[in-house]
Amino acid sequence: MGTNSNLRKAKQEQNGEFYTQLEDIEKELRHYTQHFYGKTIFCNCDDPYESNFFYYFATRFNDLKLKKLICTCYDGSPMAYTQLSFFEGAEKTVEKKDRKAYKIVITEVKDENNDGAVDIADVEYLLRNKKNALTKLKGNGDFRSEECIALLQEADIVVTNPPFALFREYVAQLVEYDKKFLIIGNKNIISYREIFQYLKNGLMWVGHRNINSDMWFIVPDYEKYEKIVDGKHLKHINGCWLTNLDLKRRHDNFIFTRDYSPEEYPKYFNYEAININKVDDIPDNYYKEMGVPITFFGSHNPDEFDIIGLGISNSGLEIGVRPYLPEHKKYRKEVQHKGAVDGDLYMLDKDGHPDVPYARIIIKRKK
């Protein structure tokens, strides 16, 4: 019984993903086209019958001069033939009752129907008629399986929307195998200890898209959704792109619009740094440590700023954030009814009570 429960949990974690809209993929990936030329692209969380990542690369295979496109799907996708079927009668290719994990490997896309264009119809013909293009996997398609790791090692760049519940483990695998990648995560994962360290150490960075802008994902019919567009159920997620592919935005100089004054920039009570509530408010004439929102990573130029650390919990203690004073912790818990974790940055309000901002990154401007 325990084994079955664990299997169900694993499957729920894999299926607990949100499906990216094509327009969001197109807007972001156009900033990386130079990285794709002649490369093997691996989409290892993407069923081609459902994934807009597959659609993007398959229909642009020749324009991007790809060497190879590999996609693997996880056994039992919840959206099979429900919302994102690109191919007419797709179920004739892979029947629902026989639906298992499989891989698709494409090394060329030709004008199979001789209509003068290479499009999704030609990709459909390829999958229906080229026996080696679509094959079943031995396992369940989990990105951690041996056969999926073997495909990962073959790839140059990984591009996908991995399951959010497994994001830390997923990124750790990419780093372990030294892979280039462009993936989507929840913006809040920036404050996760492991993910923050990758960002701090320059092993990855935030993509081109504005980290503060809305992002809507397609969800299965049974999931909670917020609106319906063109028959698709959409849900708003604080999504952001994360990558280790270089892009122009990463080298843009920060545009300063404010000057420092002690009255406008209070200091933390338990750490020697000033608090900044909005990234746009970073002052031009300040070269000591500052605490900024996690969205700073969307503006970070490593030539301009050093990342000191994260001012929350154990990460905060590691960089010297002092624990709560007993009276401040007591007030925080008993009066404000809020959490009081040692290592969190806090200020004092005009009445001497703790004022705790949301997660802050400690930065310092380079001279």
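Which residue of β11 is the bridge partner of Ile228? The points below take this up together with the sheets, helices and pockets of the model.

1. The model is a predicted one. Its values should be read as computed from that prediction.

2. To the opening question: Ile228 has His233 as its bridge partner in β11. Ile228 sits in a pairing of β10 with β11 in which the two strands run antiparallel and are joined by three bridges. β10 and β11 make a hairpin, and two residues lie between the strands. One residue in the turn, Asp230, has a positive phi of about 55°.

3. The hairpin belongs to an open sheet of four strands, ordered β1-β9-β11-β10, with antiparallel pairing. β1 (19-20) and β10 are at the edges with a single partner strand each, so each has one side without a neighbour in the sheet. In general, the strands of a sheet pair through backbone hydrogen bonds, in either a parallel or an antiparallel way.

4. Within this four-strand sheet, β9 and β11 are also paired in the antiparallel sense, over three bridges. Opposite Trp216 stands His236 of β11. Phe217, in turn, faces Lys235 of β11.

5. The second largest pocket draws on the strands just described. Its volume is about 250 Å³. It has 15 lining residues, and those nearest its centre are Gln21, Glu23, Trp216, Val229 and Leu234. At least two lining residues come from each of α2 (22-29), β9 (216-218), β10 (227-229) and β11 (232-236). The largest share, three residues, is supplied by α2. By class, the lining of the second largest pocket holds seven nonpolar, two polar and six charged residues.

6. The largest pocket has a volume of about 410 Å³. It is lined by 19 residues, and closest to its centre are Phe254, Val279, Asp280, Gly298 and Ser299. The lining of the largest pocket divides into five nonpolar, nine polar and five charged residues.

7. Another open sheet has eight strands in the order β5-β4-β3-β2-β6-β7-β12-β8, and its pairing is mixed. The edge strands here are β5 (134-136) and β8 (205-206), and each of them pairs on one side only.

8. Inside the eight-strand sheet, β6 (residues 157-160) and β7 (residues 180-186) are parallel partners over four bridges. Thr160 has Ile183 as its bridge partner in β7. Helix α6 (residues 146-154) packs on the sheet and touches β2 (40-43), β3 (68-72), β4 (102-106) and β6. The direction of α6 makes about 155° with that of β3.

9. How do two further helices, α4 and α5, lie relative to each other, and at what angle do their axes cross? The axes of α4 (residues 52-59) and α5 (residues 120-129) cross at roughly 100° and come within 9 Å of each other. The two helices are therefore roughly perpendicular. On the α4 side the contact is made by Phe54, Tyr55, Ala58 and Thr59, and on the α5 side by Ile120, Val123 and Leu127. By class, this contact has six nonpolar residues, one polar residue and no charged residues.

Methods. Residues numbered from 1 in each chain as written. Predicted model: local features only at pLDDT ≥ 70, side-chain atom pairs only at ≥ 80, totals over all residues. Heavy atoms only, no water. Axes fitted to C-alpha atoms, helices over the stretch in contact; angles between N-to-C directions. Parallel < 35°, antiparallel > 145°, perpendicular 65-115°, else oblique. Contact = heavy atoms within 4.5 Å. Nonpolar A, V, L, I, M, F, W, Y, C, P; charged D, E, K, R; others polar. Pairing = 2+ DSSP bridges. 1 Å grid on protein atoms, 1.4 Å probe; cavity = no way out; pocket = protein on both sides within 12 Å on 5 of 7 lines; lining within 4 Å. Points joined across faces, edges and corners; volume = space filled by probe spheres on them.
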